[in-house]
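The following explanation leads the reader through one protein structure, step by step. Please keep the sequence and the three-dimensional view at hand while reading.

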Amino acid sequence: MQTLSDRIGVITGASAGIGYAIAKQYVAAGARVVINGRRGEKLEAIAKELGSDKVACVAGDCADVGVISAILEMAEKRFGRSADLVVVNAGRGLNGSVMTSDTGQWEEMVRTNLLGAAHLIRMAGTKMMAESAALTGPAVLTRSRDIIVLGSTVGRHVSPFSSMYGSTKFAVHGLTEGARRELGPKGIRVSLIEPGFVVSEFQGVAGYAEKWVEETFARIGPPLTPDDIGRVATFIASQPKGVHVADVLIRPTRQDYP
Ligand SMILES: NC(=O)c1ccc[n+]([C@@H]2O[C@H](COP(=O)([O-])OP(=O)(O)OC[C@H]3O[C@@H](n4cnc5c(N)ncnc54)[C@H](OP(=O)(O)O)[C@@H]3O)[C@@H](O)[C@H]2O)c1
């Protein structure tokens, strides 16, 4: 197993939850990372905790192409090389179905979960491809390059209770597999992680009722922790250059569905 000591990472949605756990584990494995989220003060505190020589921050909306450019440029400016380990993580849930969820939140969710992911995959993928444009065959594997995307079990199994959120993740799964087919032959690994229930700020942001969360966690729990997903993201990124773990579905043991 390789370490991540020569890797430059970018992680969106790293001010909390899964993104923060991935940032912590990547830095512990030797990577240097650019972290993003809208809450700049949280990012700064995390940089201080993990080491400001290893962590740079770019605060802002992950769906804004200006912010995405700034994140990718920060990797080069601070660490002297373009990012080779991009985690497309920022996202949010939404309580309810197509029939019952708050329509006032649909656009923001689609923008964050789908358009933000699409822009980052495209902009990071373009930079990665440019690096090996002159190479052919196995020579394209000169450097490990990863784009790791957070999907969900509700992006694979239709859930009537969160079908609007789930539909954004179905779309993200499609984008990720499409990008894998396009970029894999160029030596860029595009991977999907599909978590089940993970305890984080996610439930509060989505607007799930506390009682529902308690009952659900009691029924299927213990839920996953962000660190469980961090280990998967580290496992994927630390494979030898010619080995691609393309898709990992991870649930709490007692979660039957979705
Ligand atoms: N928790 C689960 O059960 C679960 C299950 C399956 C998949 N997932 C997916 O895993 C990913 C991370 O979720 P989580 O559980 O870690 O949720 P979380 O604890 O709520 O963290 C979400 C992160 O995304 C950031 N974020 C949200 N909107 C953003 C925006 N527009 N621009 C920049 N950053 C933004 C938040 O930071 P700021 O508020 O500072 O912007 C925060 O750092 C999401 O894509 C989610 O859909 C979660």
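The model shown here is a predicted one. A suitable place to begin is a single pair of residues: Ile 148 has Ser 191, in strand 6, as its bridge partner. This bridge belongs to the pairing of strand 5 (residues 146-150) with strand 6, which is parallel and extends over 5 bridges. Between these two strands the chain passes through helix 5 (residues 163-183), and the resulting β-α-β crossover is right-handed.

Strand 6 also pairs with strand 7 (residues 247-250), again in the parallel sense, over 4 bridges. Here Ile 193 has Val 248 of strand 7 as its bridge partner.

How many residues of strand 6 are buried? Of the 7 residues in the strand (residues 189-195), 7 are buried, so strand 6 is largely enclosed by the rest of the structure. In a regular strand, side chains alternate between the two faces of the sheet. Both faces of strand 6 are covered: one side carries the buried residues Arg 189, Ser 191, Ile 193 and Pro 195, while Val 190, Leu 192 and Glu 194 are buried on the other.

The view can now be widened to the sheet. It is an open sheet of 7 strands in the order 3-2-1-4-5-6-7, and the pairing is parallel. Strand 3 (55-59) and strand 7 are at its edges; each has a single partner strand, so one side of each lacks a neighbour in the sheet. On average, and with direction ignored, neighbouring strands of the sheet are turned by 15° against each other. Elsewhere in the order, strand 1 (residues 8-11) and strand 4 (residues 85-88) run parallel and are joined by 3 bridges. Within this pair, Gly 9 has Leu 85 of strand 4 as its bridge partner.

Helix 5, already met in the crossover, packs on the sheet and touches strand 5 and strand 6; the angle between its direction and that of strand 6 is about 155°. Helix 2 (residues 40-50) lies across strand 2 and strand 3, and it runs at about 180° to strand 3.

The next topic is the ligand. Which residues are the closest to the ligand? They are Gly 13, Gly 17, Arg 38, Gly 91 and Ser 200, within a surrounding group of 32 residues. Helix 1 (17-28), strand 2 (32-37) and helix 6 (202-206) each contribute at least two residues to this shell. The largest share, 3 residues, is that of helix 1. By character, the shell comprises 13 nonpolar, 13 polar and 6 charged residues.

Two individual residues complete the tour. Gln 203 is found in helix 6. Is Gln 203 buried or exposed? It has 20 C-beta neighbours inside 10 Å and therefore counts as buried. Neighbours within four places in sequence aside, Gln 203 is in contact with Tyr 208 and Val 213.

Ser 82 lies in the loop between helix 3 (65-79) and strand 4. Because 19 other C-beta atoms are within 10 Å, Ser 82 is partly exposed. Apart from neighbours within four places in sequence, Ser 82 is in contact with Ala 75, Glu 76, Lys 127 and Glu 131. Ser 82 and Ala 124 are 42 residues apart in sequence, and their C-alpha atoms are 9.1 Å apart in space.

Conventions
Residues numbered from 1 in each chain as written. Predicted model: local features only at pLDDT ≥ 70, side-chain atom pairs only at ≥ 80, totals over all residues. Buried ≥ 20, exposed ≤ 12 C-beta atoms within 10 Å, placed from the backbone. Pairing = 2+ DSSP bridges. Right-handed = clockwise from strand over helix to strand, strands pointing away. Near = placed C-beta within 6 Å. Nonpolar A, V, L, I, M, F, W, Y, C, P; charged D, E, K, R; others polar. Axes fitted to C-alpha atoms, helices over the stretch in contact; angles between N-to-C directions. Contact = placed C-beta atoms within 7 Å.
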